[in-house]
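Please look over the chain shown here before reading on. The paragraphs that follow start from a single residue and then widen out to the helices and the whole chain.

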Amino acid sequence: MIKSVVITKRSRFVLMFLAAALFVLSLLWLFGGERADPTVGQKRLLPIYYVDTEEKKVAISFDASWGAEYTETILGILKENDIKTTFFLTGFWIEKYPELVKKIVAEGHELGNHTWTHPHLNTLDKESIKKELQRVHAALTDLGGKEPYLFRPPFGEYSDKVIEVADELGYKTIQWSIDSLDWKDLGATTITQRVTEKFHPGAIILFHNNGRYTADALPNIIKFAQENDYEIIPISELLYKEDYYIDSSDGAQKKNQ
């Protein structure tokens with residue numbers, strides 16, 4: 001004998017409430033409320049900001065993307081102090097000042113890739129980023145007689161996409177741990193103070209070849225380094241060549257233990 005089931009108004013209300021609750025929970029799951037994020041746990045690619053070392057060595061670098069009014073003076077200061085550095089050059093700067101590029105190389109400094117047109121790389125696709133680097137690579141190899149392998153993204157902007165392309169082309173992506181902010185025309189005293197207060201072993205220092213007060217600040221910064229037993233070297237001589245990793249917290253290049 002089949003018994004009939006009587007659904008009261010209260011029961012009907014409870015069932016409708018449960019159905020609505022299940023529907024809302026399903027929407028939350030579908031649109032991210034409780035769904036696992038597939039990027040969680042993935043390591044973001046990082047450039048090298050500085051080298052983790054106890055040796056009192058720092059690297060000075062100059063980005064060249066506009067003008068050359070102060071470049072000869074900077075080269076003279078470096079030569080006078082027997083210091084070698086790294087110059088990151090853009091393509092349009094290379095085209096405009098090829099003889100200066102040759103002089104930079106002739107005086108023992110190394111060349112780095114700073115893209116052809118100094119674009120915001122994160123807005124480009126991989127193929128466009130690749131072309132930016134390849135054009136500069138060919139020009140620097142031709143003028144400098146040596147293939148560059150250091151790359152600095154314009155504006156310090158990067159992403160996994162940018163670093164992946166650089167890696168594919170054999171480049172190490174380089175940032176900085178001390179920013180002189182010389183492009184802001186802060187004055188020689190302010191630039192000197194900014195840099196010297198932040199000095200640390202393994203630092204990579206950012207300057208620009210055409211900063212208005214860079215050449216004025218440079219002698220005092222070099223003097224500070226010498227008085228504190230720091231050696232100034234090109235970036236390539238500061239970096240670990242193998243058996244290292246980049247710390248995800250601050251971009252330090254560290255030796256594997």
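Start with valine 51, which sits in strand 1, residues 50–51. The model is a predicted one, and every value below was computed from it. Is valine 51 buried or exposed? Its relative accessibility is 1%, and buried means under 20%, so valine 51 counts as buried. Which residues does valine 51 touch, apart from its neighbours within four places in sequence? They are Pro201, Gly202, Leu238, Leu239, Tyr240 and Gln253. Take tyrosine 240 from that list: in sequence, 189 residues separate tyrosine 240 from valine 51, yet in space their C-alpha atoms are 7.8 Å apart.

A second residue can be read in the same manner. Threonine 115 lies in the loop that runs between strand 4 (110–113) and helix 5. With a relative accessibility of 0%, threonine 115 is counted as buried. Leaving out residues up to four places away in sequence, threonine 115 is in contact with Leu89, Thr90, Gly91, Leu121, Glu132, Leu133, Val136, Phe151 and Pro154. Phenylalanine 92 is 23 residues from threonine 115 along the chain, and the C-alpha atoms of the two are separated by 9.2 Å.

Next come the helices, beginning with helix 5, residues 126–144. How do helix 5 and helix 6 lie with respect to each other? Helix 6 covers residues 160–168; the two axes come within 10 Å and cross at roughly 50°. That angle makes helix 5 oblique to helix 6. The crossing is right-handed. On the helix 5 side, the contact is made by Lys126, Ile129, Lys130 and Leu133. On the helix 6 side are Lys161, Val162, Glu164, Val165, Ala166 and Glu168. Sorted by type, the residues of this contact are five nonpolar and five charged, with no polar ones.

Helix 5 also meets helix 4, which spans residues 98–106. Here the axes come within 9 Å and cross at roughly 65°, and the crossing is again right-handed. Helix 4 contributes Pro98, Val101, Lys102 and Val105, while helix 5 contributes Leu140, Leu143 and Gly144. Five of the residues in this contact are nonpolar, one is polar and one is charged.

A further pair is formed by helix 7 (residues 188–197) and helix 8 (residues 214–227). Their axes come within 8 Å and cross at roughly 30°. Angles under 35 degrees count as roughly parallel, and helix 7 and helix 8 are therefore roughly parallel to each other. Helix 7 passes helix 8 in a right-handed crossing. Ala188, Ile191, Thr192, Val195 and Thr196 of helix 7 touch Asp216, Ala217, Asn220, Ile221 and Phe224 of helix 8. In this contact, six residues are nonpolar, three are polar and one is charged.

Finally, consider the chain as a whole. How many helices and strands does the secondary structure contain? There are nine helices and eleven strands. The chain has 257 residues, and 44% of them count as buried, among them valine 51 and threonine 115. Of the contacts with a separation of 6 or more, 75% join residues 24 or more positions apart. The contact between valine 51 and tyrosine 240, with their places 189 residues apart in sequence, is one example. The area that the chain exposes is about 14,500 Å², and carbon and sulfur atoms supply 53% of that area.

Key:
Residues are numbered from 1 along each chain as its sequence is written. This is a predicted model: local features need pLDDT of at least 70, side-chain atom pairs count only at pLDDT 80 or more; totals for chains, interfaces and linings use all residues. Side-chain values use heavy atoms; hydrogens and water are left out. Helices (H or I, at least four residues) and strands (E, at least two) are DSSP runs, numbered from the N terminus. Buried means under 20% relative accessible area, exposed over 50%, partly exposed in between (1.4 Å probe, protein chains only). Contact means heavy atoms within 4.5 Å. Accessible areas come from the Shrake-Rupley method with a 1.4 Å probe; for residues, only the protein chains shown count as cover. Axes are lines fitted to C-alpha atoms, for helices over the stretch in contact, and angles run from 0 to 180 degrees between N-to-C directions. Angles under 35 degrees count as roughly parallel, over 145 as roughly antiparallel, 65 to 115 as roughly perpendicular and the rest as oblique. A crossing is left-handed if the near helix is turned anticlockwise from the far one by less than a right angle, and right-handed if clockwise. Ala, Val, Leu, Ile, Met, Phe, Trp, Tyr, Cys and Pro count as nonpolar, Asp, Glu, Lys and Arg as charged, and the others, Gly among them, as polar.
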